[in-house]
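Grab your favourite viewer and work through the exercises below at your own pace. Try each task yourself before you read its solution.

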Amino acid sequence: MLDITTTPNPSPRSDADLAAVLAAPGFGTHFTDHMLTTEWTPGDGWHDARITAYGPLSLDPATAVLHYAQEIFEGMKAYRHADGSVWTFRPFENAERMVRSSARLALPQLPAEDFVHAVDSLVAVDERWVPSLGEDSLYLRPFMFASEAFLGVRPSQHVTFMVIASPAGAYFKGGIKPLSLWLTEEYTRAGRGGMGAAKTGGNYASSLVAQQEAIAHGCDQVVFLDSAEGRYVEELGGMNMYFLYADGRIVTPETGTILEGITRSAIIELAQKLGHPVEERKFSIEEWREGIRSGEITEVFACGTAAVVTPVGRLEWDGGSVEGRSEPGELTMALRQQLVDIQFGRADDTFGWMHRVL
Ligand code: PLP
Ligand code: COI
């Protein structure tokens, strides 16, 4: 297990400042008093794990990640329950996904127990930053990057793993209302043999121009199709997708080139428990358009750690659109409620998903 030393921040945020942040946390703009860092070299493995004051890094301009994007990350949340206890949701799933991402990016493995211990330790030190308001939570961002100063193209021989934390309110401003989606037919997110299944910065970098295109067309988010045929729905820039049929079936795109969401698999289990058969398979864009037009598809929604569960309405593409729902669907909202009730300790954790930190 990682041996973590803690050097407390000598000037932590004042109670008054913290209260102001927690009153309106937004997403990803405020950071806690501390950060966790540990480094890896081939000779020493993971070493020098430390929690120190949050602050800027000093990097050599030749640091490999800045040039070749050898980087991976995770996204998870800590939730405060009504009794004051603090929990994370399926953290070993994030840890194992990071191990899979590290294999794809030729980065060293951080054992799952070390990952969870690192995250728990930072949450414990910054406990006062875990919100207690509504559905606000502490967003946790573990990440690993090539920190060797070397311009040759090969796996870095010095790697840094860090965890930072940021209080989070709703990811989408303006409450729970259906997102409008722009279907990009020009850009794809991942190809066969590519990095689509890994949580790596490059996938998000490549999504930005498509997201800009979505915004330019007045849509909220972009939806990607497979790169081979430009026909099968993959996912949004940061969320997995579901389609509910009038007969109760739910279809969600199969994995391979998409990110295997931890919320995704939880939603599959919750939906099955409610009696909805779930098909994980290829789902074509024609099926979506036709299903909305005929009324066979009754709800479309997306999910992810940051966005939780979000209804989807209008789908637009170059030369056309289908309307979809203007209000959140019943099952969408029921699944969302069940998920957050488990996360916030208001419902029995029958799946054993919650991990107590404090
Ligand atoms: N797909 C992408 C591209 C994502 O960035 C995310 C967010 O993490 C997801 C799906 C959903 O994954 P998870 O439910 O593990 O947050
Ligand atoms: C998450 O949901 O944790 C994500 O990583 C999505 C986005 C913020 C990148």
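The exercises that follow treat a predicted model.

**Exercise 1. A strand and its neighbours**

Task: Determine whether the residues of strand E8 are buried or exposed, and find the strands that pair with E8.

Solution:
- Step 1. Start with the range: E8 covers residues 159-168, and ten of its ten residues are buried.
- Step 2. Sort the residues by direction. Val159, Phe161, Val163, Ala165 and Pro167 point one way, while Thr160, Met162, Ile164, Ser166 and Ala168 point the other way.
- Step 3. Compare this with the general rule: side chains in a regular strand alternate between the two faces of the sheet.
- Step 4. Look for partners. Strand E2 (residues 34-41) runs antiparallel to E8 and is joined to it by five bridges; here tryptophan 40 has valine 159 as its bridge partner.
- Step 5. Strand E7 (residues 137-146) also pairs with E8 in the antiparallel sense, over ten bridges. In that pairing, phenylalanine 145 is matched with threonine 160.

**Exercise 2. A threonine in a loop**

Task: Describe where threonine 63 sits and what its side chain reaches.

Solution:
- Step 1. Place the residue: threonine 63 belongs to the loop between strand E3 (45-53) and helix H2 (64-68).
- Step 2. Check the cover. The cut-off for buried is under 20% relative accessible area, and threonine 63 counts as buried because its relative accessibility is 1%.
- Step 3. Look for a polar partner: the side chain of threonine 63 reaches the backbone oxygen of aspartate 60 at 2.6 Å.
- Step 4. Leave out residues up to four places away in sequence, and threonine 63 touches Ala146, Ser147, Glu148 and Ala149.

**Exercise 3. Around the ligand**

Task: Which residues come nearest to ligand 1, and how much of its accessible area does the protein cover?

Solution:
- Step 1. There are 17 residues around ligand 1, and Lys199, Tyr204, Glu235, Thr263 and Thr305 come nearest.
- Step 2. Go through some polar distances to oxygen atoms of the ligand. A polar side-chain atom of arginine 97 lies 2.8 Å from an oxygen atom of ligand 1. For lysine 199, the distance from a side-chain N or O atom to a ligand oxygen is 2.7 Å. For a polar side-chain atom of threonine 305, it is 2.6 Å.
- Step 3. Finish with the area: on its own, ligand 1 has 380 Å² of accessible area, and the protein covers 96% of this.

**Exercise 4. Salt bridges**

Task: How many salt bridges does the structure hold, and why does the pair of glutamate 235 and arginine 189 tie together separate parts of the sequence?

Solution:
- Step 1. The count is 20 salt bridges.
- Step 2. In one of them, the side chains of glutamate 235 and arginine 189 meet at 2.8 Å, N to O. Glutamate 235 lies in strand E11 (residues 233-236) and arginine 189 in the loop between strand E9 (179-183) and helix H5 (201-216), so the pair ties together parts that are 46 residues apart in sequence.
- Step 3. Check the cover of both: glutamate 235 is buried at 3% relative accessibility, and arginine 189 is buried at 6%.
- Step 4. Turn to arginine 264 and glutamate 280, whose closest N and O atoms are 2.8 Å apart. Arginine 264 is in helix H6 (residues 262-273) and glutamate 280 in strand E14 (residues 278-281), so this salt bridge ties together parts that are 16 residues apart in sequence. Arginine 264 is buried at 4% relative accessible area, whereas glutamate 280 is partly exposed at 44%.

Technical notes. Residues are numbered from 1 along each chain as its sequence is written. Chains are lettered from A and ligands numbered from 1 in the order in which they are written. This is a predicted model: local features need pLDDT of at least 70, side-chain atom pairs count only at pLDDT 80 or more; totals for chains, interfaces and linings use all residues. Side-chain values use heavy atoms; hydrogens and water are left out. Buried means under 20% relative accessible area, exposed over 50%, partly exposed in between (1.4 Å probe, protein chains only). Helices (H or I, at least four residues) and strands (E, at least two) are DSSP runs, numbered from the N terminus. Two strands pair if DSSP finds at least two bridges between them. A polar contact is a pair of N or O atoms within 3.5 Å; within protein, one must be able to donate a hydrogen and the other to accept it, and residues adjacent in sequence count only if both atoms are side-chain atoms. Contact means heavy atoms within 4.5 Å. A residue is near a molecule or strand if one of its heavy atoms lies within 4 Å of it. Accessible areas come from the Shrake-Rupley method with a 1.4 Å probe; for residues, only the protein chains shown count as cover. A salt bridge is a side-chain nitrogen of Lys or Arg within 4 Å of a carboxyl oxygen of Asp or Glu.
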